Every structure is written in C-alpha cells, then in structure tokens.
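Let's walk through this protein together, moving from the overall fold to a few residues that deserve a second look. Please have the viewer open as you read.

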Amino acid sequence: MSTAATDLRLTAADESSADLDALRTPAAAAARPGATPALSVRDAVLEYPDGDNGVLRALDGVSLDLLPGSYTAMVGPSGSGKSSLLAVAAGLITPTSGTVTVAGREITGLTRGERTALRGKEIGMIFQQPNLIASLTAREQLELTVHLDEDATRADKKAARSRAMELLERVDLAGQADQRPHQLSGGQRQRVNIVRALMASPALLLVDEPTSALDRERSAAVVALLGELTRDAGVATLMVTHDHEFLSATDRTLTMVDGRLQD
Ligand SMILES: Nc1ncnc2c1ncn2[C@@H]1O[C@H](COP(=O)(O)OP(=O)(O)OP(=O)(O)O)[C@@H](O)[C@H]1O
Ligand SMILES: [Mg+2]
C-alpha cells in the first residue's frame, strides 16, 4: 500500500476479507450472545485513602459485562472514576470489594504473578500517549514481548514476526515497519500502539482516551479503527473518551458519574 496514504486511509471499510481472516482468532468464534463475557465486574468498590482518616470512593458499586466482539464507550466528568475502572478491570489495582472476571477467570482471587500472566495473555491496554520505545522500529515494538520472554522458541519469534507484519499491514503501516517512532506521524504512532495491544490476541482491550493527542480527523479514524479491529478479532473493547461526537461508532455508551455507571 502506498506510504502516501493519509492516516484517514485506515477508516476505509474496503479491507480485503483475506486480511481480516488472517487476524481472526478463536475468540471471534465466540462473538455471540450467551458467550462467556470477556469482562465481568460485579459490585466493584474502590476506595483510596484521603486525608487523615477519610477515604475517597473512586468506584461505588460498579457492575459491567462485556461480550466478545463488542465495542463500548465510557464517558463522564473528570475524576468520576473512568480510569480507575480500567485499572481495576486490568488487575492493576485490586478493588476494595467486588469481583473482576476476565475471560472466565476471576482475577480478584489470583496472586500478583498470576494476574500479570493473565494480563499478558488476555488483556491489551492502550493509553492516551503511545508509549513506544524510541530505539525500536514499528515491527520491533510489536515483537518486544516475545523477545523478552525467555521461554520463547525460534518458532514463537517467527510467528510473532509474521503476526506483527499482518497487524501492521492491517492498519496500512507495512511500509513503515522499519521506521522508529520519531519517523512516524502522531496518527501512525497511535496505530502502532493499537496493534501492539492486539499482538497476544487478547480477550479484552482497555483503552483510555486514545485520541486526546490527535486532531479531529485522526481521532475519528482511530475510533473507527478500534471498532473494526474489535469486530475482526472478536475482542471486547472498553474505551474511555471525551469525544462525544464519535460515539456512534461504538455499540454502547456508558456514563460514569461519581463512581457509578449509568447506561
Ligand atoms: N492513586 C490515587 N490515589 C488517590 N486518589 C486517586 C488515585 N487515583 C485516582 N484517584 C481519585 O479517584 C477519583 C477517580 O479518578 P480517575 O482517575 O478514575 O478519574 P477519571 O474519570 O479517569 O478522570 P479523567 O477524565 O480526568 O481522566 C478522583 O477523585 C481521583 O482524584
Ligand atoms: Mg482518566
């Protein structure tokens, strides 16, 4: 594909079905009602110490189910608990009470090591700023996890390389595979960041304000791309955003107010 293609190219709905088939994972087969939720949160309460004896209740009894292949937006005022819910869903913070189940495994009952392992396999995370490593090429960013894994075999590394190239091609970045972050545009960096989160074929994709560093057109493109990848890969995506104008690209919008979710 032409490197002259703009970042908007990724909104095109005319990707060949061969490309999409290559990305399909077993999770896609489960993308139907009645499937095991990719994420179940039950009555999650999260309190932070606040002042001498007080507590700040960031999550106040949140329950949520996300099915494979679904694309959910979460909006709400600053400080309402959106990032806290993502951190709890990712197992980065253990809630004060309540349970979190990812791809059928209750992570609130796991040890820290078990949680980290599950996160690596089942959860992709995308944050506001693409936190890419300056010295690595786009392809190496995607391959990094496998290269850091002492148990990875040559075959694993080879498979990672071909998956990395498939994913880069999927977001029209095959021509930029050997470029480092400073040689990529902001939109291209965010696309590398997005497909990096999909390398392990996770069940759940948690996205915190992916467009806040991008202009309007590129923001719309990123929101649309996340929707396409969600459906292609059968992943459940939960995206925090302040961009209300792009919400029609999602299946559902939840609103967080004072630590409580409203549909
Ligand atoms: N590590 C922490 N220690 C203490 N309080 C915290 C901590 N992290 C978040 N909070 C508080 O929890 C509440 C929810 O914060 P959170 O970051 O989840 O909000 P948010 O909805 O993501 O806001 P924004 O839209 O500004 O990103 C806020 O009152 C915040 O100050
Ligand atoms: Mg936040």
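Helices and strands here are runs assigned by DSSP, at least four residues for a helix and at least two for a strand, and they are numbered from the N terminus. Please keep in mind that this is a predicted model.

Let's begin with the whole chain. The secondary structure adds up to eight helices and 10 strands. Of the 263 residues in the protein, 41% are buried. If you look at contacts with a separation of 6 or more, 76% of them join residues that are 24 or more positions apart.

Next, turn to the interior. The largest nonpolar core contains 61 residues, and A89, V102, L204, L206 and L226 have the most contacts inside it. Helix 8, which spans residues 216–233, gives the most to this core, with seven residues. L204 is a good place to centre your view: leaving aside residues up to four places away in sequence, L204 touches A38, L39, V102, E122, I123, V235 and A236. V102 therefore appears twice, as a contact of L204 and as one of the core residues with the most contacts, where a core is built by joining buried nonpolar residues through C-beta atoms within 7 Å.

Now for the ligand. Which residues surround ligand 1? They are Y48, L56, A58, G76, S78, G79, S80, G81, K82, S83 and S84. By type, this shell divides into three nonpolar residues, seven polar and one charged. Strand 2 (54–66) and helix 3 (82–89) each supply at least two of the shell residues, and the largest share, three residues, comes from helix 3.

Helix 3 is worth a moment of its own. Is it mostly covered or mostly open? Seven of the eight residues of helix 3 are buried, so that "mostly covered" is the right description, with burial meaning 20 or more other C-beta atoms within 10 Å. The buried ones are K82, S84, L85, L86, A87, V88 and A89. Just after helix 3, G91 takes a positive phi of about 75 degrees.

Two helices further along make a pair that is easy to find on screen. The axes of helix 5 (residues 138–148) and helix 6 (residues 154–170) come within 9 Å and cross at roughly 145 degrees, and the crossing is right-handed. On the helix 5 side, A138, R139, L142, E143, V146 and H147 take part, meeting D156, K157, A160, R161, A164, M165, L167 and L168 of helix 6. The residues of this contact divide into eight nonpolar, one polar and five charged.

Finally, let's visit some individual residues. Most residues other than glycine have a negative phi. D43, in strand 1 (residues 39–50), is not a glycine, yet has a positive phi of about 50 degrees. D43 counts as partly exposed because 13 other C-beta atoms lie within 10 Å. E209 also has a positive phi, near 45 degrees, and is likewise a residue other than glycine. E209 is found in the loop between strand 7 (204–208) and helix 8, and is partly exposed, with 17 other C-beta atoms within 10 Å.

What about H244, in the loop between strand 8 (236–240) and strand 9 (252–257)? H244 counts as exposed because it has 10 C-beta neighbours inside 10 Å. The C-alpha atoms of H244 and A73 are separated by 9.4 Å, although these residues are 171 residues apart along the chain.

Note on methods
Residues numbered from 1 in each chain as written. Chains lettered and ligands numbered in written order. Predicted model: local features only at pLDDT ≥ 70, side-chain atom pairs only at ≥ 80, totals over all residues. Buried ≥ 20, exposed ≤ 12 C-beta atoms within 10 Å, placed from the backbone. Contact = placed C-beta atoms within 7 Å. Near = placed C-beta within 6 Å. Nonpolar A, V, L, I, M, F, W, Y, C, P; charged D, E, K, R; others polar. Axes fitted to C-alpha atoms, helices over the stretch in contact; angles between N-to-C directions. Left-handed = near helix turned anticlockwise from the far one by under 90°.
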